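Subject: Structure for your review

Dear colleague,

Please find below the structure that I am handing over to you. My notes on it follow directly after.

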Amino acid sequence: MQRIRVDERANKALRLEARGLSFHAWDNYWKETAAYRFTALQVDRIEAATNELLHMLEEAGEYLVNNQQLGLLGIPPQFHDAVTASWRNEAPTLYGRFDFAFDGEGCPKMLEFNADTPTSLLESAVSQWDWLQDVMPHADQYNCLHDKLVKQWHIIMTKGRPTGALPRRIHFASVSDNEEDWICVHYLMDTAVQAGFDVQHVFTEALGFNHDTGYFVDGEDAQIDVLFKLYPLEWMMREDFGVHLLHTNTQIVEPLWKAMFSTKAILPVLWQLYPDHRLLLPAYFEHDVLPADFTSYARKPLFSREGANITLIRDSKAIAQGQEQAYGAEGHVLQLLTELKAHDGFFPVIGAWVVGAEAAGMCVREDTNRITTNMSHFVPHFFE
């Protein structure tokens with residue numbers, strides 16, 4: 001794995017904006033003066049690690065449900081039965097993303113799993129592929145995201161339904177005044193259209209609920225049969241409106257069982273089930289009895305996003321702090337600190353994409369800070 005310097009395309013802005021990536025210039029978010037080169041063997045390791053971790057999460061889900069341990073995860077008690085039912089019914093999922101520490105040597109190490117609302121989809125599926133075709137057409141890229149997303153919509157829309165009762169329209173919800181979410185949702189809408197379905201955007205703030213029919217409705221009071229929401233389940237479960245998740249006839253994507261894996265509490269659960277596993281870093285709940293030599297770690301809230309409220313501790317001293325936001329009330333986990341290898345002064349994190357229950361590609365984010373945020377640079381990759 002190498003970080004190499006490359007020439008920026010003269011028509012970079014035109015190419016990116018033509019595909020819809022309107023915010024590429026924010027704080028130099030999209031960076032193509034560099035690229036990460038991988039070998040085919042390294043890509044194989046990332047793909048294999050992704051699929052193995054998905055199996056481990058499946059085992060963890062069975063353990064948590066069978067042993068009634070959802071309270072460990074910070075899921076509100078009133079949602080335990082609904083999450084369990086969603087898991088038992090195998091409600092179909094769309095996508096997710098692992099974050100890995102990996103420098104090309106040994107095995108990737110799981111930092112966390114973005115199970116519910118990861119963004120950077122357009123960049124990963126389309127923009128970096130366009131870059132490859134323009135700049136390195138003879139190289140390859142680990143990127144089958146788009147085709148898998150299109151196929152997964154068929155699974156989501158047909159599973160458990162008779163052929164004559166298939167809904168044709170999918171509503172997509174994102175919060176207003178958030179350009180990044182808007183772009184991500186509209187890219188997903190395009191994949192659904194390519195799968196043959198009608199789509200409709202609705203702002204999250206405009207969602208309503210029809211108590212007579214049991215369906216969510218959009219701003220025009222139209223019934224929502226299937227709702228993809230780019231809005232975290234853990235937020236919905238703590239808001240008054242979220243109670244409707246418990247008794248709705250609307251199919252929600254992502255399904256409620258994804259709440260088990262969209263919390264960093266899954267990290268110590270995995271470590272308990274798979275101690276010393278080569279793909280995991282030791283992780284504990286903050287209130288656990290810790291090993292005496294456990295003095296270098298990342299302190300992570302059960303629920304936080306974009307690196308917020310994460311503190312990196314080395315030899316009992318803080319070395320990096322994420323932006324302070326309103327996270328942490330539900331508790332924290334401690335995960336062994338892994339020293340990311342610097343490449344030209346940047347610390348890369350591998351994003352390993354999942355569609356359905358399969359690995360689907362990767363992306364690379366880098367930052368001079370050791371904590372990756374929403375504005376860390378997106379850098380394209382290739383392998384040879």
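**Strand E3 and its partners**

Five bridges join strand E3 to strand E4, and the two run antiparallel. Please note that the model is a predicted one. Within this pairing, Arg97 stands opposite Asn114 in E4. E3 also pairs with strand E16 (residues 347-355), again in the antiparallel sense, through six bridges. There, Ala352 of E16 is the bridge partner of Phe98.

E3 is mostly covered, with seven of its seven residues buried. In a regular strand the side chains alternate between the two faces of the sheet. For E3, one side carries Tyr95, Arg97, Asp99 and Ala101, the other carries Gly96, Phe98 and Phe100, and all of these are buried.

Two charged residues of this strand deserve mention together. Asp99 and Arg97 form a salt bridge in which the closest N and O atoms are 3.1 Å apart, and both residues are buried. Arg97 also lies over the face of Trp353, at 5.3 Å from the ring centre.

**Aromatic pairs**

The structure holds 20 aromatic pairs. In one of them, the ring centres of Phe98 and Phe113 are 4.2 Å apart and the planes meet at 25°, so this pair is stacked. Phe98 belongs to strand E3 (residues 95-101) and Phe113 to strand E4 (residues 109-114), and the pair links distant parts of the chain, 15 residues apart. Phe98 and Phe113 are both buried.

Trp153 and Phe172 give another geometry: their ring centres are 5.5 Å apart and their planes stand at 70°, so the pair is edge-to-face. Because Trp153 lies in helix H5 (residues 145-158) and Phe172 in strand E5 (residues 169-174), this pair ties together parts that are 19 residues apart in sequence. Trp153 counts as buried, at 0% relative accessibility, and Phe172 is buried with a relative accessible area of 0%.

Elsewhere, one aromatic cluster is formed by Phe23, Trp26, Tyr29, Trp30 and Phe378.

**Salt bridges**

How many salt bridges does the structure hold? The count is 22 salt bridges. One of them joins Arg37 to Glu384, with the closest N and O atoms 3.4 Å apart. Arg37 lies in strand E2 (residues 34-38) and Glu384 in the segment after strand E19 (381-383), so the pair ties together parts that are 347 residues apart in sequence. Arg37 counts as partly exposed, at 27% relative accessibility, whereas Glu384 counts as exposed, at 59%.

A further salt bridge is found between Lys148 and Glu358, whose closest N and O atoms are 2.8 Å apart. Since Lys148 lies in helix H5 and Glu358 in strand E17 (residues 358-367), this pair ties together parts that are 210 residues apart in sequence. Both partners count as partly exposed: Lys148 at 23% relative accessibility, and Glu358 at 44%.

Salt bridges that share partners also join Arg3, Lys31, Asp344 and Glu366 into one network. Lys31, a member of this network, lies over the face of Phe346 as well, at 3.7 Å from the ring centre.

**Cysteines**

The structure holds zero disulfides. For Cys107, the closest cysteine sulfur is that of Cys363, at 20 Å, which is too far for a bond. Cys107 is partly exposed, its relative accessible area being 32%. Cys144 is likewise in no disulfide, and its nearest cysteine sulfur, also that of Cys363, is 13 Å away. At 28% relative accessibility, Cys144 counts as partly exposed.

**Points to view in the model**

When you open the model, E3 may serve as a starting point, with E4 and E16 as its antiparallel partners. From there, Phe98 leads to Phe113 through the stacked pair, and Arg97 leads to Asp99 through their salt bridge. Helix H5 can be viewed next, since it holds Trp153 of the edge-to-face pair and Lys148 of the salt bridge with Glu358.

With kind regards

Methods: Residues numbered from 1 in each chain as written. Predicted model: local features only at pLDDT ≥ 70, side-chain atom pairs only at ≥ 80, totals over all residues. Heavy atoms only, no water. Phe/Tyr/Trp six-rings, centres within 6.5 Å; stacked < 30°, edge-to-face > 60°. Helix = DSSP H or I, 4+ residues; strand = E, 2+ residues; numbered from the N terminus. Buried < 20%, exposed > 50% of the residue type's maximum accessible area, 1.4 Å probe, protein only. Lys NZ or Arg CZ within 6 Å of the ring centre and 35° of its normal. Disulfide = S-S within 2.5 Å. Pairing = 2+ DSSP bridges. Salt bridge = Lys/Arg side-chain N within 4 Å of Asp/Glu carboxyl O.
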